[in-house]
Amino acid sequence: MKKMSRVERKKRRRKTFLTILSIFIVVVFMLNSQIFSVKTIKVEGNEKVASNKIALFSSIQKGENIFKFRTKDAESGIIELPYIKYAKIKRKLPSSLIISVEERKEQIKIKDEFSFLVLDKEGYILDNREDVDENLTELIGLNINDKDIGGNAFTGNEEKIKVDFLLELESSNMTKLFKKINIESYKMVNILTFNDIEVVFGSASNVKYKLGLLDEVLKDIEKKDLKAKMILMDKGDNPVLVLEEDGEEG
């Protein structure tokens, strides 16, 4: 490799210095110019939480320089809202921000004296109110010590067998089919579907397999338009279907 001359080295150092100086000037300009002051904040993906509330929890102020805050810090502030599961902030130069969020969905309600705790399917406590949607699944029999909004009713819960059942139910995506789930006794779980079919589920063991069977039975009932009254899953390996005519099908 050819060795650089003294003149060439001097030119290279000068070029490097000018490059660094140019970058420095550009950075200073970007951090101080009014051109890059936040003028608009757009929120996407929200239905339950108001856009102005999401913007407030981001702690980003209009007029603030678009480069002078960490998006990770702002996103962490937003997900402190109980209904917000995920938040992502993108800068749109020169002066706009786009906040994209994913909200937690209300799915479970638990009676709490004169009101209901409202949970998502993962057990996060979203609200505590008297007026709740009839289409939410009512959960009976799970003791919750920490009822703070934003907390999780499943995490750290001492009733591990019941929580494991609920988590398996959540992963099966079947919770939305059930009007009521009674797990007061993990040895005898009872379920009522939104079609008013009683399911004697039995013990909260071998849950994944039993939920698979139950899913097949419910789909078969719908496909054949059967007038089902009960599904007995505590009478052996195969579910027993009880029709409204009081007959039974294995």
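At 54% relative accessibility, S59 counts as exposed, since the threshold for that class is over 50%. In this predicted model, S59 belongs to the loop that runs between α2 (51-58) and α3 (71-78). Its backbone is notable for a phi near 65 degrees, a positive value in a residue other than glycine. Most residues other than glycine have a negative phi, and most peptide bonds are trans.

D225 also carries a positive phi, near 55 degrees, and is likewise a residue other than glycine. The loop between α5 (207-224) and β11 (228-232) holds D225, and with a relative accessible area of 57% this residue is exposed.

The backbone offers a further feature at P94, where the peptide bond from L93 to P94 is cis, with omega near 10 degrees. P94 is located in the loop between β2 (84-92) and β3 (96-103).

Attention may now turn to the aromatic side chains. A search of the whole structure yields one aromatic pair. The ring centres of F165 and F201 lie 5.5 Å apart and the ring planes meet at 70 degrees, so the pair is edge-to-face. Because F165 lies in helix α4 (residues 160-172) and F201 in strand β10 (residues 198-202), the pair ties together parts that are 36 residues apart in sequence. Both F165 and F201 are buried.

Aromatic rings also meet charged groups. The charged end of R91 sits over the ring of F69, at 4.9 Å from the ring centre. The ring of F116 has the charged end of K111 over it, 4.7 Å from its centre.

Note on methods
Residues are numbered from 1 along each chain as its sequence is written. This is a predicted model: local features need pLDDT of at least 70, side-chain atom pairs count only at pLDDT 80 or more; totals for chains, interfaces and linings use all residues. Side-chain values use heavy atoms; hydrogens and water are left out. Helices (H or I, at least four residues) and strands (E, at least two) are DSSP runs, numbered from the N terminus. Buried means under 20% relative accessible area, exposed over 50%, partly exposed in between (1.4 Å probe, protein chains only). Rings of Phe, Tyr and Trp (its six-membered ring) pair if their centres lie within 6.5 Å; planes under 30 degrees apart count as stacked, over 60 as edge-to-face and the rest as tilted. A charge sits over a ring if NZ of Lys or CZ of Arg is within 6 Å of the ring centre and within 35 degrees of the ring normal.
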